[in-house]
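Work through these exercises with the structure in view. Try each task before reading its solution.

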Amino acid sequence: MVHLLVKILFLLLIIPYNIQCYDCQIPFLPKHEVHVLNNLSLDSTYILEVHCSSGNDDLGHNFPKVGNDFRMISDGDFAGCMSKTLYCCHFWWGNKDLVFDVFNDLYYCVHDGVSFVPKGTRKCIWDVKYDGIYLGYFDGDKIHSQKYAVW
C-alpha cells in the first residue's frame, strides 16, 4: 500500500512537467475562442466572406451578416500542443481581401498582439469594419480593439 502511494505521489509530481502546454485536450482547462464580428455598414452592396482553417481543420466559407459574429471555439487543440497549430483566415469584401493568422499564440491571440492584448486572453476578437480589421478582446462586457490590418 505504501509503495502504491509513493508511485502515485511521484506521478503527481512529474505530470506537470510533462504537459507541454496548458490546453492540450485536457477537459478541465479553459478553452480559447476566436470571434469574427461583421461591423460593416448595413447599406453595403458587398457581403463579407470569411474562410478560416488550420493545418488539420477547414472551417469552410462563412458569410456573417452585418452585426453578427462567426465564432470558432477550441476543442482542446486550438494552437495545438506546443503552439504548433495556427488558425488563418482569408477575408473578402467586394474587391478587397486580406489573409492573416487570427490565432497563433496561447497568451495573446497572435504573436504581434503582445503590445495590446492582455496576457491570458481567451476570447480573441476580430472586428471587421469598412476601413480595416481590428484586433480586440473582451473586458467584462466591453470590447477593446485597435486597427490590425487595413483593407
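Strands, which are DSSP runs of E at least two residues long, are numbered from the N terminus. The model is predicted.

**Exercise 1. Place N104 and find what surrounds this residue.**

Step 1. Locate the residue. N104 lies in the loop between β6 and β7 (123-129).

Step 2. Decide on burial. The cut-off for buried is under 20% relative accessible area. N104 has 10%, so N104 is buried.

Step 3. Look for polar partners. The side chains of N104 and D101 make a polar contact of 3.1 Å. The N104 side chain also reaches the backbone nitrogen of H111, at 2.8 Å.

Step 4. List the contacts, leaving aside neighbours within four places in sequence. N104 then touches L86, C109, V110 and H111.

**Exercise 2. Trace the pairing of β5 with β2 and β6.**

Step 1. Start with β2 (residues 48-53). Six bridges join this strand to β5, and the two run antiparallel. In this pairing, E49 of β2 stands opposite W92 of β5.

Step 2. Turn to β6 (residues 96-103). Seven bridges link β5 and β6, again in the antiparallel sense. Here C88 stands opposite D101 of β6. D101 is also the residue whose side chain meets that of N104.

Step 3. Inspect the connection. β5 and β6 form a hairpin with two residues between them. In the turn, G94 has a positive phi of about 65°.

**Exercise 3. Sort the side chains of β5 (residues 87-93) by face.**

Step 1. Recall the rule. In a regular strand, side chains alternate between the two faces of the sheet.

Step 2. Pick out one face. Y87, C89, F91 and W93 point there and are buried.

Step 3. Take the other face. C88, H90 and W92 point that way and are not buried.

Step 4. Combine with the pairing. C88, opposite D101, and W92, opposite E49, both belong to the face that is not buried.

**Exercise 4. Describe the open sheet of five strands.**

Step 1. Write the order. It is β4-β1-β7-β8-β9, with mixed pairing.

Step 2. Find the edges. β4 (69-73) and β9 (142-149) each pair on one side only, which makes them the edge strands.

Step 3. Add the twist. From one strand to the next, the average is 20°.

Step 4. Check one pair. β1 (residues 33-38) and β4 run antiparallel and are joined by five bridges. Within this pair, H35 has R71 of β4 as its bridge partner.

How values were computed:
Residues are numbered from 1 along each chain as its sequence is written. This is a predicted model: local features need pLDDT of at least 70, side-chain atom pairs count only at pLDDT 80 or more; totals for chains, interfaces and linings use all residues. Side-chain values use heavy atoms; hydrogens and water are left out. Two strands pair if DSSP finds at least two bridges between them. Helices (H or I, at least four residues) and strands (E, at least two) are DSSP runs, numbered from the N terminus. Axes are lines fitted to C-alpha atoms, for helices over the stretch in contact, and angles run from 0 to 180 degrees between N-to-C directions. Buried means under 20% relative accessible area, exposed over 50%, partly exposed in between (1.4 Å probe, protein chains only). A polar contact is a pair of N or O atoms within 3.5 Å; within protein, one must be able to donate a hydrogen and the other to accept it, and residues adjacent in sequence count only if both atoms are side-chain atoms. Contact means heavy atoms within 4.5 Å.
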